[in-house]
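Here are a few notes to read alongside the model, written as numbered points. Please keep the 3D view open as you go through them.

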Amino acid sequence: MSAAGESQTAEYQQRRWQNIRKLLERSGPFCHPDFEPSAEILDFIMNSCKVLIVGAGGLGCELLKDLALMGFKKIHIIDMDTIELSNLNRQFLFRKSDIGSSKAKCAVEFVNKRVPGCEAVAHHCTIQDMDEGFYRQFHIVVCGLDSIVARRWLNGMLMSLLQYNDDSSLDQSSVIPLVDGGTEGFKGNARVILPGLSACIECTLDLYPPQKTYPLCTIANTPRLPEHCIEYVKVLQWAKENPWGNTVQIDGDDPQHVAWVMEKAQERAVKHGISGITYRLTQGVLKNIIPAVASTNAAIAAACATEVFKLASSCCANMNNYMVLNMADGVYTYTFNAERRTDCVACSNTKRTMEVEPSATLQTIYDQLCENPGYLMKSPGITTVINGRNKTLYMASIKSIEERTRDNLKKKVTELGLFNGAEILVADVTTPNTVTIKLKFTENMDVESTR
């Protein structure tokens, strides 16, 4: 490159970051108390700070673009999905020729090509495929997922990375902030989670909208909507006919599965004089898809990217700690401090205790794990240790083990060798770690008699 060309490049780089430098190289009334203006902060953001984006959909595409344009270069993005035609109206990094390709890889290729200096890296896999070492390398994690289960798993992973000093105080150098965004039509939210310090995902599960469900009696006897017909096939007919075998669950991303459900739903709809069964609606019911709005994604991603920038630079105090946006009627937003639960299963750093009657069955414990607001697990597997050996009490996720342990659900906990003060180990898709729960009988019993 000629001297004139090098001069123009240097001048461009100076102009490119001049507004960012104004934030980082001078103080102001909204700065974090520990903020010290310095030219080195931009260098850290551009060359050292590693950010992980989880999800490459509507929010993920916006986040990747925003962070790259803010100067972040060391960006990783992880997503297991491939691009579909229906994604193109809002996931703007993709083109029609990308259909069928990895979302993460296409997004990274697009941004690295368009933003000079960006070194984004793609991971086409599930978040569960990565181990602790992978997540430990990042300074900040920003999340744009459409799954509460995946959020809870990620939250649990970051909690498991926390380290504590000899006096049981939190080692704050082990804290990896999580910035989480979510949208639902014209509504959205953004939040900042400091693991071990502020309210986490598990602390605030009640803030997430419940998934849409239909009464079984309605879908079985008096369907009135096309959704009822699809739900009937999903819940009842699939299990009855087993089109792909007993062990195969419905996959909303598998075109063959969706087509089969749609065909059966159309047959049922004709019998009841219902119209409107389409492939898109069928997939939407199977995957519980909520219509996405591009402008909502853009607004929430901008809020999340701003929080990432504030956390990386300390140029401004970060959000405290939950922001809600509603654009259904005008534009309305507010921020509040979601409070941390002292008995949170993920971040309380204390052993959990479950109160049960001595006459309770294992089914009672299983129901508490699924229905109690403190747990809300999906399909927990329950084991314990008796005389130094692991014993599986019940596991729903593996068919062969479920069949072998199903009768245990009817047995009293004392019949299974559990006593007052015994510990059960619970594994679930909502957490990467086994949860230890101590049983506390609500009546006085001789512990030795129950061993």
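1. Let's start with a side-chain pair: Ser 102 and His 124 make a polar contact through their side chains, at 3.2 Å. Please bear in mind throughout that this is a predicted model. Ser 102 has a further polar partner, since a polar atom of its side chain lies 3.4 Å from the backbone nitrogen of Ala 104.

2. Where does Ser 102 sit in the chain? You will find Ser 102 in the loop between strand S2 (74–78) and helix H5 (103–114). Its relative accessibility is 9%, so Ser 102 counts as buried, the cut-off being under 20%. If neighbours within four places in sequence are set aside, the contacts of Ser 102 are Asp 81, Thr 82, Ile 83 and His 124.

3. Strand S2, on one side of that loop, belongs to an open sheet of eight strands. The order is S3-S2-S1-S4-S7-S8-S9-S10, with mixed pairing. Strand S3 (121–123) and strand S10 (332–336) are at the edges; each has a single partner strand, so one side of each is left without a neighbour in the sheet. On average, neighbouring strands here are turned by 15 degrees against each other, direction ignored.

4. Within this sheet, have a look at S2 and strand S1 (residues 50–54), which pair in the parallel sense over five bridges. Two of the bridge partnerships are easy to pick out: Val 51 has Ile 75 in S2 as its partner, and Val 54 has Ile 78 in S2. S2 is mostly covered, with four of its five residues buried.

5. Which strands does helix H7 (residues 148–160) lie across? They are S1, strand S4 (140–143) and strand S7 (178–184), and H7 runs at about 175 degrees to S7. Helix H12 (residues 294–313) lies across S1, S4 and S7 too, and also across strand S8 (187–193) and strand S9 (322–326). H12 makes an angle of about 170 degrees with S7.

6. Another serine worth a look is Ser 174, in the loop between strand S6 (170–171) and S7. At 11% relative accessibility, Ser 174 counts as buried. The side chain of Ser 174 reaches two backbone atoms: the nitrogen of Gln 163 at 3.0 Å and the oxygen of Asp 171 at 2.6 Å. Outside its neighbours within four places in sequence, Ser 174 is in contact with Leu 161, Leu 162 and Gln 163.

7. Is Leu 24, in helix H2 (residues 18–24), buried or exposed? Its relative accessibility is 0%, so Leu 24 counts as buried. Leu 24 and Cys 315 are 291 residues apart along the chain, yet their C-alpha atoms are separated by 6.2 Å. Leaving out neighbours within four places in sequence, the residues in contact with Leu 24 are Phe 35, Pro 37, Ser 38, Ile 41, Leu 42, Ile 45, Phe 309, Ser 313 and Cys 315.

8. Now for a helix pair. Helix H10 (residues 255–271) and helix H11 (residues 279–287) pack with their axes 9 Å apart, at an angle of about 105 degrees. That angle makes H10 roughly perpendicular to H11. From H10, the residues involved are Pro 255, Val 258, Ala 259, Val 261 and Met 262; they meet Tyr 279, Thr 282, Gln 283 and Leu 286 in H11. The residues of this contact divide into seven nonpolar, two polar and no charged.

9. There is also an open sheet of five strands, in the order S11-S15-S14-S12-S13, again with mixed pairing. Its edge strands are strand S11 (352–356) and strand S13 (389–395), each pairing on one side only. Neighbouring strands of this sheet are turned by 35 degrees against each other on average, direction ignored.

10. To finish, a closer look at S11. S11 runs parallel to strand S15 (residues 435–441), and five bridges join the two. One example is Glu 355, whose bridge partner in S15 is Lys 440. Helix H13 (residues 362–371) packs on the sheet and touches S11, strand S12 (381–386), S13, strand S14 (423–427) and S15. The direction of H13 makes about 130 degrees with that of S11.

Methods:
Residues numbered from 1 in each chain as written. Predicted model: local features only at pLDDT ≥ 70, side-chain atom pairs only at ≥ 80, totals over all residues. Heavy atoms only, no water. Pairing = 2+ DSSP bridges. Axes fitted to C-alpha atoms, helices over the stretch in contact; angles between N-to-C directions. Contact = heavy atoms within 4.5 Å. Buried < 20%, exposed > 50% of the residue type's maximum accessible area, 1.4 Å probe, protein only. Polar contact = N/O pair within 3.5 Å; in protein donor to acceptor, adjacent residues only side chain to side chain. Parallel < 35°, antiparallel > 145°, perpendicular 65-115°, else oblique. Nonpolar A, V, L, I, M, F, W, Y, C, P; charged D, E, K, R; others polar.
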